[in-house]
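Biologist: Could you pick one part of this model and take me through it closely? I would be glad if you then placed it in the wider picture.

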Amino acid sequence: MKKVESKKDALERLGQFYIPVWENSDKSVANAIRIFREKWRSYSEESKRHNIITLIKQVIDPVVSGYLSSLPNQYLSFCPISREKCHYSDLIKLRGFRYAADQIHFYLRDFVDKSSQTEQDILFISTQDMLKSLFMICEGKKPNRSKLAPDINLKSDKKTRLCALCGNTTEFSQFMHTWTKHGYIERENNERNNDEKEGKKKRPDLSTNYCINHRPKLHDGSWNSLYKQAKRSAKQFEQEVLRLRRQIAHPDRQNAKSGDKLIDEYFYYFMLDSSLDPTNVPELRNLARKMVDSRLTDNKKRMLVLRRQNKSNKQIGIKLGEITGKPLSNQAVSKALGSVREAFKIY
Ligand SMILES: [Zn+2]
């Protein structure tokens, strides 16, 4: 059997076209979603030839029918569609993606109330919840014309299109974008003219891993301090990206999975009114970059949560001492909280 690609690899490869699959969900439905996410980038509701509802009908419907057939009857009354007569694509065609997702949500809420959390119950809940998330991601999908994303089919740009240190496109991707928009010849000519003017033969080297701000060396050959700075915090950046992505996948509960209750709570409140969704990968990565660059440490996140709970600076200092082993004074707490950017405060 072929090894299943890791979540991280799939995320990197598919970028904004990644669709999450749930653990503990039905394997065949999860697999259908994996197939769907490989195909859906050029699909939309508007397109006739690449219609996204037709894709649901072809890839998702048959597998969901098979899955429902494997369930005992009592589960079917908690599902908005029937085994044979009505499929999700029918529901979506009639009422739209948002409606289908809402329906799953309402039925599931009733089910969760009655459930005794058996293994089969959990499988049902996870699978329905995963389909709900799929439909929410599909809602409002715009056709992705090749002109708007010229680098997607380029073999030479196999590496991630986004900067390794933020959410911007790589310098190379950016260049290819311009290249397609204005035509290669024009660009080539301009460069040749410039090169001749400057007496150089070499073409500029473009970073395939970093954006223009984060390329390791500047075009004059000197080290880029922004790169060095971002590289030092690369691990923390990746960690924040992961937490943000986990939280935005389940905005209705604390899901950052940081291993620390207060930090999970911070991400919950921070993302509660966010307009982002799991497909907004560049925005989420830029948010993580900003979080790291403005030194919003885990300790500050904890303080913000405790402040939200109306704790005094003194109480906050003591509580942090219990967690980190290093109690903080009134002044230290006050100073730390005062340094937090407005955009990262929670209310
Ligand atoms: Zn960057």
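**A close look at the zinc site**

Modeller: Happily! Let's begin with Cys166, which is buried, as its relative accessible area is just 2%. Please keep in mind that this is a predicted model. Cys166 is one of the residues that coordinate the zinc ion: the donor atoms are SG of Cys163, SG of Cys166, SG of Cys211 and ND1 of His214, at 2.1 to 2.3 Å. The angles among these four donor atoms run from 103 to 113°, and the site is tetrahedral. For reference, the ideal angle for four tetrahedral donors is 109.5 degrees.

Along the chain, the donors follow the spacing C-x2-C-x44-C-x2-H. Cys166 sits in the loop between α7 (119-138) and α8 (171-182), while His214 sits in the loop between α9 (184-198) and α10 (225-232), so this pair ties together parts of the chain that are 48 residues apart in sequence. His214 has a relative accessible area of 7%, and because buried means under 20%, His214 counts as buried.

Now for the surroundings. The protein is built with 16 helices and zero strands. Of its 347 residues, 43% are buried. If you take the contacts with a separation of 6 or more, 62% of them join residues 24 or more positions apart. The accessible surface of the protein is about 20,000 Å², and carbon and sulfur atoms account for 51% of that area.

Moving along the chain, there is a helix pair worth your time. Two packed helices are described by the angle between their axes and the distance between the axes. For α14 (residues 298-308) and α16 (residues 330-338), the axes come within 10 Å and cross at roughly 100°. That crossing falls in the range of 65 to 115 degrees, so α14 and α16 count as roughly perpendicular to each other. On the α14 side, Lys300, Met303, Leu304 and Arg307 take part in the meeting, and on the α16 side their partners are Val333, Ala336 and Leu337.

Just past this pair, in the segment after α16, you will find Ser339. Its relative accessible area is 39%, so Ser339 is partly exposed. The C-alpha atom of Ser339 is 9.1 Å from that of Ser294, although these residues are 45 residues apart along the chain.

Next, the backbone. Most residues other than glycine have a negative phi. Arg295 is not a glycine, yet its phi is positive, at about 55°. You can find Arg295 in the loop between α13 (281-293) and α14, and at 58% relative accessibility Arg295 is exposed. Lys257 likewise has a positive phi, near 55°, without being a glycine. Lys257 belongs to the loop between α11 (234-249) and α12 (261-271). With a relative accessibility of 54%, Lys257 is exposed, because the cut-off for that is over 50%.

One last stop takes us back towards α7. Gln117 is in the loop between α6 (97-114) and α7, and its relative accessible area of 45% makes Gln117 partly exposed. Leaving aside residues up to four places away in sequence, Gln117 touches Ile122 and Ile125.

To come back to where we started, Cys166 and His214 are donors to the zinc ion, with Cys166 buried at 2% and His214 buried at 7%.

Key:
Residues are numbered from 1 along each chain as its sequence is written. This is a predicted model: local features need pLDDT of at least 70, side-chain atom pairs count only at pLDDT 80 or more; totals for chains, interfaces and linings use all residues. Side-chain values use heavy atoms; hydrogens and water are left out. Donors are N, O and S atoms within 2.8 Å of the metal (3.2 Å for Na, K and Ca); water is not among the atoms, so sites may look incomplete. Four donors count as tetrahedral if all angles lie between 85 and 135 degrees; four count as square planar and six as octahedral if opposite donors are over 155 degrees apart and all others between 65 and 115; anything else is irregular. Helices (H or I, at least four residues) and strands (E, at least two) are DSSP runs, numbered from the N terminus. Buried means under 20% relative accessible area, exposed over 50%, partly exposed in between (1.4 Å probe, protein chains only). Contact means heavy atoms within 4.5 Å. Accessible areas come from the Shrake-Rupley method with a 1.4 Å probe; for residues, only the protein chains shown count as cover. Axes are lines fitted to C-alpha atoms, for helices over the stretch in contact, and angles run from 0 to 180 degrees between N-to-C directions. Angles under 35 degrees count as roughly parallel, over 145 as roughly antiparallel, 65 to 115 as roughly perpendicular and the rest as oblique.
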